[in-house]
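User: I'm new to this one. Can you walk me through it, piece by piece?
Analyst: Sure. Here it is.

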Amino acid sequence: MDYSQYFSAALGRLHDERRYRVFADLERIAGRFPHATWHSPTGPRNVVIWCSNDYLGMGQHPKVVGAMVETATRVGTGAGGTRNIAGTHHPLVQLEAELADLHGKEAALLFTSGYVSNQTGIATLAKLIPDCLILSDALNHNSMIEGVRQSGCERQIWRHNDLAHLEQLLIAAGPNRPKLIACESLYSMDGDVAPLAAICDLAERYNAMTYVDEVHAVGMYGPRGGGIAERDGVMHRIDILEGTLAKAFGCLGGYIAAKGEIIDAVRSYAPGFIFTTALPPPICSAATAAIKHLKSSSWERERHQDRAARVKAVLNAAGLPVMTNDTHIVPLFVGDPEKCKQASDLLLEEHGIYIQPINYPTVAKGTERLRITPSPYHDDGLIDRLAEALLQVWERLGLALHKKPLAAE
């Protein structure tokens, strides 16, 4: 039997649906972000990255790099195995304490990625609650969806940010059934924000727990970078906060923060924690340095918001179809998967601008877009060149310009 035919057919379907993804070979240059070297088919070329989730450029910050190098030199590179076998190395203990403090919680638990922290965190939590009903926002990330699915619990989807629909589901579930409301604080494809205070009101009224994914907000919002929940003054009202170290903090890993018994229960039961190697000491020290810095420094957040606002203003003035929101995400509507990929290719090959196309299944069919994420280090000249390049690409592909900003779907 020729098993390879199955894989060839699966890849062929992706090509036919214009969903086959190609990854650019990029080499970032510390101290020069957002500039990078693209190892193109014709040789190395300088490009400007406009779609990184290293939102604040902390991956190149001297304190972060210095902490990683110092720890690697002092204790080595690896963690030595799972925490159950190798024990917990001290930089990891320090990082979990730093995260618990960031979110005002009793404890935090580290995972190897933000995806794993959602996938195994939600599944484990829900399994430990008899007859738990999970109420999940319609636009939750795939990692949350997988966590809900793997829990084996009944789940109901509430329309995105629709509080009336959420309340209907809570009422129908009854006051005595255990319920877990799962949502994100900031949805990264449209850039819109969940009404966390109102969600907490409903959770308290109908006796539900709350689980909030803050991966696109930690480090970015709030006086100390605690996220949207900190900014909105509701951190103490949310039962479980989940976040990542791979975006604003410029490192790697995911975590949850909550009451001590919740964290201890997940630590004791979660397969995605128990059976996987711990994060290495240098990564933990680097993340701790990033968190400590952003707790006390607001320059990065203020400059970042300024840059995002300027990008939106310049692109809107040029008539480009920016999907409006009040956050740092700048989605540029295309609405066609093939043209979205072509636009990305033209920007990279002819203008030295890297913006990855966002197509189905990341977003719904017909809402394909370029997702632009400015950083504090994108200066006015880079922003102006971005607008000029986009206008040329839009004209080349026959894409429509708009006189008024588009509302996010």
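User: How do helix α2 and helix α12 pack?
Analyst: Helix α2 (residues 62-75) and helix α12 (residues 281-296) pack at about 150°, and their axes are 8 Å apart. Helices (H or I, at least four residues) and strands (E, at least two) are DSSP runs, numbered from the N terminus. Axes are lines fitted to C-alpha atoms, for helices over the stretch in contact, and angles run from 0 to 180 degrees between N-to-C directions.

User: Is this an experimental model or a predicted one?
Analyst: This is a predicted model: local features need pLDDT of at least 70, side-chain atom pairs count only at pLDDT 80 or more, and totals for chains, interfaces and linings use all residues. Residues are numbered from 1 along each chain as its sequence is written, and side-chain values use heavy atoms, with hydrogens and water left out.

User: Back to the pair. Are α2 and α12 roughly parallel or roughly antiparallel?
Analyst: Given that angle, α2 and α12 are therefore roughly antiparallel. Angles under 35 degrees count as roughly parallel, over 145 as roughly antiparallel, 65 to 115 as roughly perpendicular and the rest as oblique.

User: Which residues make the contact?
Analyst: From α2, they are Lys63, Val64, Ala67, Met68, Thr71, Ala72 and Val75. From α12, they are Pro281, Pro282, Ile283, Ser285, Ala286, Ala289, Ala290 and His293. Contact means heavy atoms within 4.5 Å.

User: What classes do they fall into?
Analyst: The contact of α2 with α12 has 11 nonpolar, 3 polar and 1 charged residues. Ala, Val, Leu, Ile, Met, Phe, Trp, Tyr, Cys and Pro count as nonpolar, Asp, Glu, Lys and Arg as charged, and the others, Gly among them, as polar.

User: Next pair. What about α7 and α8?
Analyst: Helix α7 (residues 163-173) and helix α8 (residues 196-205) pack at about 15°, with axes 11 Å apart. α7 and α8 are therefore roughly parallel to each other.

User: Which residues meet there?
Analyst: Leu163, Leu166, Glu167 and Leu170 in α7 meet Ala198, Ile199, Leu202 and Arg205 in α8. The contact of α7 with α8 divides into 6 nonpolar, no polar and 2 charged residues.

User: And α13 with α15? What angle?
Analyst: About 35°, with the axes of α13 (residues 299-317) and α15 (residues 380-397) 10 Å apart. Arg307, Arg310, Val311, Val314 and Leu315 of α13 touch Asp380, Ile383, Asp384, Leu386, Ala387 and Leu390 of α15. By class, the contact of α13 with α15 has 7 nonpolar, no polar and 4 charged residues.

User: On to sheets. What's the order in the one with 7 strands?
Analyst: That open sheet runs β4-β10-β9-β8-β7-β5-β6, with mixed pairing. Its edge strands are β4 (107-111) and β6 (154-158), each pairing on one side only. Two strands pair if DSSP finds at least two bridges between them.

User: How do β9 and β10 pair?
Analyst: Strand β9 (residues 240-244) and strand β10 (residues 254-258) are antiparallel, over 4 bridges. Glu242 stands opposite Ile256 in β10.

User: Which strands does α5 lie across?
Analyst: Helix α5 (residues 114-127) lies across β4, β5 (133-137), β8 (209-213), β9 and β10, at about 160° to β9. α7 also lies across strands: β5, β6 and β7 (179-184), running at about 150° to β6.

User: What about the sheet of 4 strands?
Analyst: That one is open too, in the order β1-β2-β3-β13, with mixed pairing. The edges are β1 (26-28) and β13 (353-354). β3 (residues 43-49) and β13 pair in the parallel sense over 2 bridges. Val48 stands opposite Ile353 in β13.

User: Where is the cis bond to Pro34 placed?
Analyst: Pro34 sits in the loop between β1 and β2 (35-40). The cis peptide bond runs from Phe33 to Pro34, with omega near 15°. A cis peptide bond also joins Tyr360 and Pro361, with omega about 10°. Pro361 is in the loop between β14 (357-358) and β15 (369-372).

User: What is phi of Asn161?
Analyst: Phi of Asn161 is near 55°, a positive value in a residue other than glycine. Asn161 lies in the loop between β6 and α7. Asn207 has a positive phi of about 60° and is not a glycine. The place of Asn207 is the loop between α8 and β8.
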